[in-house]
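Visitor: I should like to understand how the terms used for a protein model are justified. May I put some questions to you?
Guide: Certainly; let us look at the model together.

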Amino acid sequence: MLQSFKGDCRNLIKDIEKDYLLNNSEILLWIYINIYFYRGIKDTQLFYEKKVFLKYLKESMDFCTYYERYESLDEGKYQHLYHEILEKYFSNKKMAINIDDMEAIYEGLIIEEERVKTGSYYTPRWIAEYM
């Protein structure tokens, strides 16, 4: 299941990367923010629409700064995300992929050079808890 999820994320990243000025980490963050919102709403059937995601994003204190960055993505990308990731791995509010695995996927999909350039580093949970 984890390998399949990672492959689906990688495919979606490649699909978006070729048409938009977003880097790997921005696209993966877009996927993860969608997962976060998707798990918190009641009517998930409406969620694959771009306008619903952007509404949640704009109203969110944590993620509103990303609104302009993700506004450019077309509706087809949201539908692709909904059918290939949200429905497949996170339907019925059951999280098929746990947080630790998602963190490892983030680290694995974001290349070292890009992490250095953007300052994107992940501190493993056990180290953060120790601190």
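Visitor: What makes Arg69 count as partly exposed?
Guide: This is a predicted model, and in it Arg69 has a relative accessibility of 36%. Partly exposed residues lie between the limits of 20% and 50%, so Arg69 counts as partly exposed at 36%.

Visitor: How do you know that the side chains of Arg69 and Glu26 meet in a salt bridge?
Guide: The N to O distance for Arg69 and Glu26 is 3.3 Å. A salt bridge requires a side-chain nitrogen of Lys or Arg within 4 Å of a carboxyl oxygen of Asp or Glu, so the pair qualifies. Arg69 lies in helix α4 and Glu26 in helix α2, so the salt bridge ties together parts that are 43 residues apart in sequence.

Visitor: Is Glu26 buried or exposed, and how do you know?
Guide: Glu26 has a relative accessible area of 17%. Buried means under 20%, so Glu26 is buried.

Visitor: Why is the pair of Lys88 and Asp8 called a salt bridge?
Guide: The closest N and O atoms of Lys88 and Asp8 are 2.9 Å apart, and the limit is 4 Å; the pair is therefore a salt bridge. Lys88 lies in helix α5 and Asp8 in helix α1 (residues 2-17), so parts that are 80 residues apart in sequence are tied together. Lys88 counts as partly exposed at 43% relative accessibility, whereas Asp8 counts as buried at 13%.

Visitor: What makes Asp15 buried and Lys18 exposed?
Guide: Asp15 has 18% relative accessibility and counts as buried, because buried means under 20%. Lys18 has a relative accessible area of 61%, and exposed means over 50%, so Lys18 is exposed. The side chains of Asp15 and Lys18 meet in a salt bridge of 3.5 Å, N to O. Asp15 and Lys18 also belong to a network of salt bridges with Asp19 and Lys77.

Visitor: How many salt bridges are there by this rule?
Guide: The count comes to seven.

Visitor: Why is Lys50 said to have no salt bridge?
Guide: The nearest side chain of opposite charge to Lys50 is that of Glu75, 6.6 Å away. A salt bridge needs a distance within 4 Å, so Lys50 has no salt bridge, although Lys50 is buried. Leaving aside neighbours within four places in sequence, the contacts of Lys50 include Glu71, Ser72, Leu73 and Tyr78.

Visitor: Where does Lys50 lie, and which helices do the buried residues there pack against?
Guide: Lys50 lies in helix α3, residues 50-59. The buried residues of α3 are Lys50, Val52, Phe53, Leu54 and Leu57. They pack against α2 (24-40), α4 (67-71) and α5 (75-90).

Visitor: What makes Ser25 buried?
Guide: Ser25, in helix α2, has 9% relative accessibility. The limit for buried is under 20%, so Ser25 counts as buried. The side chain of Ser25 makes a polar contact of 2.8 Å with the side chain of Asn23.

Visitor: Which helices and strands does the protein chain have, and where is confidence lowest?
Guide: The protein chain has eight helices and zero strands. Confidence is lowest in helix α7 (residues 112-118), at a mean of 62, and highest in α4, at 90. The average pLDDT of the protein chain is 80, and 75% of the residues score at least 70.

Notes:
Residues are numbered from 1 along each chain as its sequence is written. Side-chain values use heavy atoms; hydrogens and water are left out. Helices (H or I, at least four residues) and strands (E, at least two) are DSSP runs, numbered from the N terminus. Buried means under 20% relative accessible area, exposed over 50%, partly exposed in between (1.4 Å probe, protein chains only). Lys and Arg count as positive and Asp and Glu as negative; His and the chain ends are not counted. Contact means heavy atoms within 4.5 Å. A polar contact is a pair of N or O atoms within 3.5 Å; within protein, one must be able to donate a hydrogen and the other to accept it, and residues adjacent in sequence count only if both atoms are side-chain atoms. pLDDT is the predictor's confidence in each residue, from 0 to 100.
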